[in-house]
Protein chains: 2
Amino acid sequence: MQRMTRYYGQNGNGGGHSPASCFASRLERYAPLTDEEKGFVARMEEAERPVKRGEVVLKAGEPSTELGVVKEGWAVARSDRLNGRSQTLRIYLPGEIIGLPGLGIGHYAHEVVMVTQGCICPFPKDHITGIYARVPRLAALLTAVASVDQVALKDRLFMMGSGTARERMAHFLLDLHERLLLSNPDMGRRFRLPLRQVDIAEVLGLTKVYVNRLLKAFTEEGLIEIQRPYVRILRPAELKSMSNYVNRYEQIDQSWFPSPARNDISL
Amino acid sequence: MQRMTRYYGQNGNGGGHSPASCFASRLERYAPLTDEEKGFVARMEEAERPVKRGEVVLKAGEPSTELGVVKEGWAVARSDRLNGRSQTLRIYLPGEIIGLPGLGIGHYAHEVVMVTQGCICPFPKDHITGIYARVPRLAALLTAVASVDQVALKDRLFMMGSGTARERMAHFLLDLHERLLLSNPDMGRRFRLPLRQVDIAEVLGLTKVYVNRLLKAFTEEGLIEIQRPYVRILRPAELKSMSNYVNRYEQIDQSWFPSPARNDISL
DNA sequence: CGTTTGCTTGAAGTAGGTCAATGTGAGTGG
DNA sequence: CCACTCACATTGACCTACTTCAAGCAAACG
């Protein structure tokens, strides 16, 4: 059933962070956390649930009682259509939070499904309450991360609205590469892409047939190299210029964060 | 477990001119604000700047020092392409905040332009600092509103990725109508649409020619009625079923909000 | 070793784009 | 009151990027 071997996650790459918490290490990349903040983050990863490929982690329409941290594996948020085609709205990599949009509307708007096997750390929604009440700087950090996310989402909307299939594909490959680099800085240009062509098609809003043709064309043009399930980006510059790609993940702006101490207001 | 509050239920001014503080009244629709919270909200609307149609309110690439509340008029966030076509990423109606995504990345990712004349209330970014530090429930409210926004954005991504032109148009009209109803509950099915066909085309990722043909077709099929610049939705049910439209703005979940008093943690 | 799941390829169709011309109403100036 | 203009809307004729359908292939698994 599973044609993939194990997803390679947080193998020790000199970073020195504990493999137990990819989410905490992701956050600490931006700003060192206080002990109190670390405590709150740790509680988001207390529980662990192994999940199989294809498993629905969050069901669309259900009341949103929990959020979750993807600890291992890839997940996607998707919108199913009665009609036929379904659309992947977002790919979640290890260290990212799922279910955040459910905060506002009280139920999950779109289902989240695993595309590889992996491991999810669910935590109750009202854990966020404590973060807003007690560690406002952490709340601000989460907000900042969410807003980077929103920018990336808008970039994707742009590609879907006025990009050709080639441009979308280029943008997709570059974006995934950059995001993987965030947690694996010394990964290089070759990365594991545990998605079937039909999965990519659902991300890009294309058919699997055309995705196949695009990948073939990209390969023939020497833009990429495929050794399934690995992809190597051969000519990033051309891909960037053809898709107008901008890396949105490089840094976040902390200038507006409140100070870590609870009642010390920097204003 | 979850306390939802209906969003409707404020007397609407059918006329069409904004109240003194459309942003505050929009927030108060969700939850009554404490005096302290009101003070912070009021400071977001202290300054006022009249803006002309076509004026660039936020320039892409510039450091994000300010956010703003749209007090009057319509604005759009758009992504320009060297190539040619440009894509509208988001329409901002009165009472909505612009520049929020700039919080995370420290500069404006996409430009914001007025599509009608209007009025913007700019406020400094670090005003958000005070909200996170001192009125956490207001911070949570802003987060909730942003997350509803993100869901709506994902719905749009879905339409752009796997919707036909007809479906996109139907979705667009319904979505705009619902959003306008939020601040004008007794507006009915007829609303002012101050966009040119080319503006709509940029929202939908289509050409103005095709937008024209779609509008003509919709009119001939009796789905809508156009008396420029007004549109009337004649058969909302058909539009809904053909575009799978879901109104995401109806309710907001406050169950996870911290309590209004600063150090009283409801957990 | 047969079955399944996913990849590849060809041929034909279509939704929506492109190009280009014409129509229309709301100013503006004379 | 009429001409002139300018910004948009409308319409027609053709074009193409992508889809659809359908068949064949490869490799992994049972």
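Reader: How many salt bridges cross the interface of chain A and chain B?

Author: In this predicted model, the rule finds two salt bridges across the interface of chain A and chain B.

Reader: What makes the pair B:Asp253 and A:Lys125 a salt bridge?

Author: The closest N and O atoms of B:Asp253 and A:Lys125 are 2.5 Å apart. The rule asks for a side-chain nitrogen of Lys or Arg within 4 Å of a carboxyl oxygen of Asp or Glu, and therefore the pair qualifies.

Reader: Which elements of chain A supply the side that touches chain B?

Author: Strand E5 (87–92), helix H3 (102–105), helix H4 (127–134) and helix H5 (136–162) of chain A each supply at least two residues of that side. H5(A) gives the most, with 20 residues. The residues of this side of chain A divide into 29 nonpolar, 20 polar and 14 charged.

Reader: How many residues does each chain bring to the contact, and how much area is buried?

Author: The contact takes 63 residues from chain A and 63 residues from chain B. Between them the two chains bury about 5800 Å², with 62% of it on carbon and sulfur atoms. The count of residue pairs in polar contact between chain A and chain B is 20.

Reader: Why is A:Pro101 called buried, and what does A:Pro101 touch?

Author: A:Pro101 has a relative accessible area of 12%. Buried means under 20%, so A:Pro101 meets the term. A:Pro101 is found in the loop between strand E6 (97–98) and H3 of chain A. Not counting residues up to four places away in sequence, A:Pro101 touches B:Ser147, B:Gln150, B:Val151 and B:Lys154.

Reader: Why is helix H1 of chain B described as largely enclosed?

Author: Eight of the nine residues of helix H1 (residues 22–30) of chain B are buried, so the helix is largely enclosed by the rest of the structure. Among the buried residues are B:Phe23, B:Arg26 and B:Tyr30.

Reader: How do you know that B:Arg26 and B:Glu96 form a salt bridge, and are they buried or exposed?

Author: Their side chains meet at 3.6 Å, N to O. That value is within 4 Å, so the rule is satisfied. The pair links distant parts of the chain, B:Arg26 being in helix H1 of chain B and B:Glu96 in the loop between strand E6 (87–92) and strand E7 (97–98) of chain B, 70 residues apart. B:Arg26 is buried, with a relative accessible area of 13%, and B:Glu96 is buried with 10%.

Reader: What makes B:Arg179 a buried residue?

Author: Its relative accessibility is 8%. The limit for buried is under 20%, and B:Arg179 therefore counts as buried. B:Arg179 lies in helix H6 (residues 165–183) of chain B. Leaving aside neighbours within four places in sequence, B:Arg179 is in contact with residues including B:Arg90, B:Glu96 and B:Tyr249.

Reader: Why is the pair A:Lys240 and A:Glu178 said to tie parts of chain A together?

Author: The closest N and O atoms of A:Lys240 and A:Glu178 are 3.9 Å apart, within 4 Å, so they form a salt bridge. A:Lys240 lies in helix H9 (residues 236–243) of chain A and A:Glu178 in helix H6 (residues 165–183) of chain A, so the pair ties together parts that are 62 residues apart in sequence.

Reader: Why is A:Lys240 called partly exposed, whereas A:Glu178 is called buried?

Author: A:Lys240 has 33% relative accessibility, which lies between 20% and 50%, so A:Lys240 counts as partly exposed. A:Glu178, at 15%, is under 20% and therefore counts as buried.

Definitions and conventions:
Residues are numbered from 1 along each chain as its sequence is written. Chains are lettered from A and ligands numbered from 1 in the order in which they are written. This is a predicted model: local features need pLDDT of at least 70, side-chain atom pairs count only at pLDDT 80 or more; totals for chains, interfaces and linings use all residues. Side-chain values use heavy atoms; hydrogens and water are left out. Contact means heavy atoms within 4.5 Å. Buried area is the accessible area (1.4 Å probe) that two parts lose on being put together, summed over both. A polar contact is a pair of N or O atoms within 3.5 Å; within protein, one must be able to donate a hydrogen and the other to accept it, and residues adjacent in sequence count only if both atoms are side-chain atoms. Helices (H or I, at least four residues) and strands (E, at least two) are DSSP runs, numbered from the N terminus. Ala, Val, Leu, Ile, Met, Phe, Trp, Tyr, Cys and Pro count as nonpolar, Asp, Glu, Lys and Arg as charged, and the others, Gly among them, as polar. Buried means under 20% relative accessible area, exposed over 50%, partly exposed in between (1.4 Å probe, protein chains only).
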